[in-house]
Amino acid sequence: MTVGEKVAMMTRTNFPLGSAERPLRVAIVGSGPSGFYAADALFKHKGVHLRIDMFERMAMPYGLVRYGVAPDHQSIKRVIRSYERTARDPRFRLFGNVQVGRDLSVPQLRQHFDQVVYAFGCSSDRRLGIPGEDLPGSHTATAFVAWYNGHPDHRNDRFDLSGRRVAVVGVGNVAMDVTRILVKDPEELASTDIADYALDTLRKSRVKEVLVLGRRGPVQAKFTPKEIQEIGSLPDVDVMVRPHDLDLDEYSLSEMRRKKPARRNVQYLMERARLGSQGGSRRVLLQFLASPVEILATGGRVGAIRVERNRLLADEQGRIRSVGTGVTELVPVDLVFRSVGYRGVPLPGIPFDDRRGVIPSARGRVLDRRGGSNGTGEYVVGWIKRGPTGLIGTNKGDSAETVRSMMEDIRGREAQPVSEAADEAVSRLLLDRGIRPILFSDWNIIDREEQERGRRRGKLREKITDPAEVTSLLDGQRLRAPVG
Ligand code: NAP
């Protein structure tokens, strides 16, 4: 830079936002796929100088890839490699163990960053709203998933698998994951990253039958063909369907003609119905047009489920709904997993659409209560933007859309330069509150340790599930690190 340019720079107060002199400062709240795809899309914007700080409530990154994807679906978890590349970018910092809304407030984020991206997904569950839903032995499928995946908040959950029959309510891919884990030979899971306590419980399981209940018909089932076929291909497991559940009405026939995955599902289920029982020691019985209307207790815990037969009806928008026929059946079951979808949780200070369980937005920009842009530089990506649907890859395009809006919004904007100290402001705030963030370099230590523990047990990884153990591991490493 020439002396003249330096003088000009010192006398100028504002610089274009995203310039070398005034990089754009972005906070991303949540370290799951949508957050990482947003970071990646931001870094790919050539000519925009930026810094990204990512905040994650959990000590470890990657959200549902770590705590949601089933342990026997390791190929899906490979996406982590691309997130690692993003995290190694010198413009990126990870602050794990930091909960926005508790450790850092929304106004503090607005103060320290030009743009904030909410990527915290849907951490709660939809309710069935039926009597007996909260009986001991009636669990959310998502709690079971988090438990076998070593989620620290669920490591002390208990699932009693001593009964023979389990009901799974819902026919989405989470229901398929739960069903598969219940009927699969646990030895097939032993070399994965499943939590050790979950493997022990599954090894002692006496579950022989999983009854999967879909409130609509087989054409409307949300599971993907791959997931149902994977269960059907498990050795010693029968997948069974009642032939009359496959008698399709006119709505279903017309929907099936339009949707290839539905066609493949129905074809597959017809094959299974033809095959019937193959003498497997465990079986999955799929029942369609069947809604639970009550969960009943025996001896203070789940003993049976009352199931109502449904029929289908198209509403004014052409959406096919189920309606009860009044005909019910009582089915003895020992355990119930409710797998009827995730639900977003509001963040104080941010608008929330309670009906849909999402932050209201337009092309990724957060909207205010009246549906206008809230103008605070806040954005959404992933499930908290569009609801809990889609596969991991769906988030790529979704995050890219939001990033396009973010880039449009900085065009032509200028801002005061910020000092180097501003970069440290958030770390200082956390330090003052006694919060110890887990940085990406800390995660690398934990990652290596988990893999090493796994190697010793003949597994891919043994996840550390106790937060206190994370702290002591990192303390030990810091003490061992050479001084100077
Ligand atoms: P989902 O796909 O939305 O499925 C929810 C299921 O619950 C549907 O069958 C739904 O039926 C049913 N349901 C909702 N309310 C109900 C009620 N009151 N009574 C009875 N049934 C009810 O949700 P999900 O299974 O939680 O999955 C979430 C997302 O993650 C999906 O996009 C899924 O594909 C993805 N995922 C993918 C994988 C994978 O690729 N392996 C694994 C897990 C999850 P209706 O259709 O009638 O509403």
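In this predicted model, 22 residues surround the ligand, and Asn173, Arg215, Arg216, Lys222 and Gly390 come nearest. The shell is mixed in character. Nine of its residues are nonpolar, eight are polar and five are charged. Helix 8, which spans residues 173-183, supplies three residues to the shell, the largest share. Two domains take part. Domain 1 (14-123 + 343-438) and domain 2 (127-340) each contribute at least three residues to the shell around the ligand.

Polar contacts to the ligand involve both side-chain and backbone atoms. Arg215 places a polar side-chain atom 2.8 Å from a ligand oxygen atom. At Gly390, a polar backbone atom lies 2.7 Å from an oxygen atom of the ligand. For Ser339, the distance from a polar backbone atom to a ligand oxygen atom is 3.4 Å. Arg215 and Gly390 also belong to the group of residues that come nearest to the ligand. The protein buries 86% of the 920 Å² that the ligand exposes when taken alone.

Pockets were examined next. Rolling a probe the size of a water molecule over the atoms shows where empty space is left. The second largest pocket holds about 510 Å³ of space. Its lining consists of 19 residues, of which Gln74, Lys77, Ile80, Gln451 and Arg461 are the closest to the pocket centre. Three elements each give two or more residues to this lining: helix 4 (74-77), helix 5 (80-87) and helix 16 (440-456). Helix 16 provides five residues, the largest share of the lining. By class, the lining of the second largest pocket comprises 10 charged, five nonpolar and four polar residues.

The two sites can be set side by side. Around the ligand, the shell contains five charged and nine nonpolar residues. In the second largest pocket, 10 charged and five nonpolar residues form part of the lining. The largest share comes from helix 8 in the ligand shell, and from helix 16 in the pocket lining.

Methods. Residues are numbered from 1 along each chain as its sequence is written. This is a predicted model: local features need pLDDT of at least 70, side-chain atom pairs count only at pLDDT 80 or more; totals for chains, interfaces and linings use all residues. Side-chain values use heavy atoms; hydrogens and water are left out. A residue is near a molecule or strand if one of its heavy atoms lies within 4 Å of it. A polar contact is a pair of N or O atoms within 3.5 Å; within protein, one must be able to donate a hydrogen and the other to accept it, and residues adjacent in sequence count only if both atoms are side-chain atoms. Accessible areas come from the Shrake-Rupley method with a 1.4 Å probe; for residues, only the protein chains shown count as cover. Helices (H or I, at least four residues) and strands (E, at least two) are DSSP runs, numbered from the N terminus. Ala, Val, Leu, Ile, Met, Phe, Trp, Tyr, Cys and Pro count as nonpolar, Asp, Glu, Lys and Arg as charged, and the others, Gly among them, as polar. Domain bounds come from an automatic or database domain assignment. On a 1 Å grid over the protein atoms alone, a cavity is a set of points where a 1.4 Å probe fits but cannot get out, and a pocket is an open set with protein on both sides within 12 Å along at least five of seven lines; lining residues have an atom within 4 Å of a point. Grid points are joined across faces, edges and corners, and a volume is the space filled by probe spheres set on the points.
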